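Biologist: Pick one helix in this model and take me through it slowly, please. Then follow the packing and the cysteines outward from there, and don't skip the odd backbone spots.

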Amino acid sequence: MTSPRLDVPPGPGFIATVAAETRVRSIEGHDLAQLLITHPGPRRANETAETVEEGMRRLAVALHLGPGDDPPPVIGAQLMIRRGCASLDYGHDRYVITIPSPSQRWLTMVGDGAVCRICLVLAPLALAADSAATDEHLRVSLVRGELMWGTTYARRRF
């Protein structure tokens, strides 16, 4: 059996199972737009913990994210904002990740040119996790080397 290629972005079937959540955090008096990308773990018949982790690794590679314990790389203009909707270009030639229900504050910040910190977690996170459980999951994932991140911004339309 050959090992999966990490340099090929995951397809729409996998992306449909990924969760994306926007946040605005105040850090040292400055607001920072954030995009958290997680997966709830295997839910479909053909998914296993291994295939989910491999899909998340492929997504991190496609986005050019770096390890969470290094400074976040700037990955370019990957966000698209239009008419109150947001999406993320993850390197697939036909598909993007739709970002559900971004807050108006997040949309305004990113639409006005603010950078956005993408944080992708390899380890599964339950969809029902509250803010405290999510923050704890992020801390544990960082220690385990299961957190990838980068800095992006919205594409300009001319």
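Modeller: A residue is called buried here when its relative accessible area is under 20%, and exposed when that area is over 50%. Keep in mind that this is a predicted model.

Let's take α3, which spans 104-111. Its buried residues are W106, L107, M109 and V110. Looking down the axis of α3, you'd find those buried residues within an arc of 165°, so they line one face of the helix. The background is simple: an α-helix has 3.6 residues a turn, so residues three or four places apart point the same way.

Now the two ends of that helix. Ahead of α3, the loop that follows β6 (97-99) holds S101. S101 has a positive phi of about 50° although it isn't a glycine, and it is exposed, with a relative accessible area of 71%. Just after α3 comes G113, with a positive phi of about 105°. For another non-glycine case, go to R83, whose phi is positive too, near 50°. R83 belongs to the loop between β4 (74-82) and β5 (85-88), and at 76% relative accessibility it counts as exposed.

Back to the helix and inward. W106 is one of the residues that touch the most other members of the largest nonpolar core, a group of 29 residues. L35, I37, L79, L88 and L120 are also on that list. As a general matter, nonpolar side chains tend to be buried together in soluble globular proteins. Take L120 as an example: leaving out residues up to four places away in sequence, L120 touches I37, M56, L59, A60, L65, E146, L147 and M148. There's also a second, separate core of 6 residues, which includes C119, V121, L138 and L147. So L147, a contact of L120, is a member of that second core.

That brings us to the cysteines. How many disulfides does a search of the whole structure find? The count is 0. The distances show why: a pair of sulfurs would have to be within 2.5 Å, but the sulfur of C116 is 11 Å from the closest cysteine sulfur, in C119, which is too far for a bond. C85 fails as well, because its sulfur is 16 Å from the closest cysteine sulfur, in C116. And C116 itself is buried, at 0% relative accessibility.

Methods. Residues are numbered from 1 along each chain as its sequence is written. This is a predicted model: local features need pLDDT of at least 70, side-chain atom pairs count only at pLDDT 80 or more; totals for chains, interfaces and linings use all residues. Side-chain values use heavy atoms; hydrogens and water are left out. A nonpolar core is a set of buried Ala, Val, Leu, Ile, Met, Phe, Trp, Tyr and Cys residues joined through side-chain atoms within 4.5 Å. Buried means under 20% relative accessible area, exposed over 50%, partly exposed in between (1.4 Å probe, protein chains only). Contact means heavy atoms within 4.5 Å. Helices (H or I, at least four residues) and strands (E, at least two) are DSSP runs, numbered from the N terminus. The arc is that of the directions from the helix axis to the C-beta atoms.
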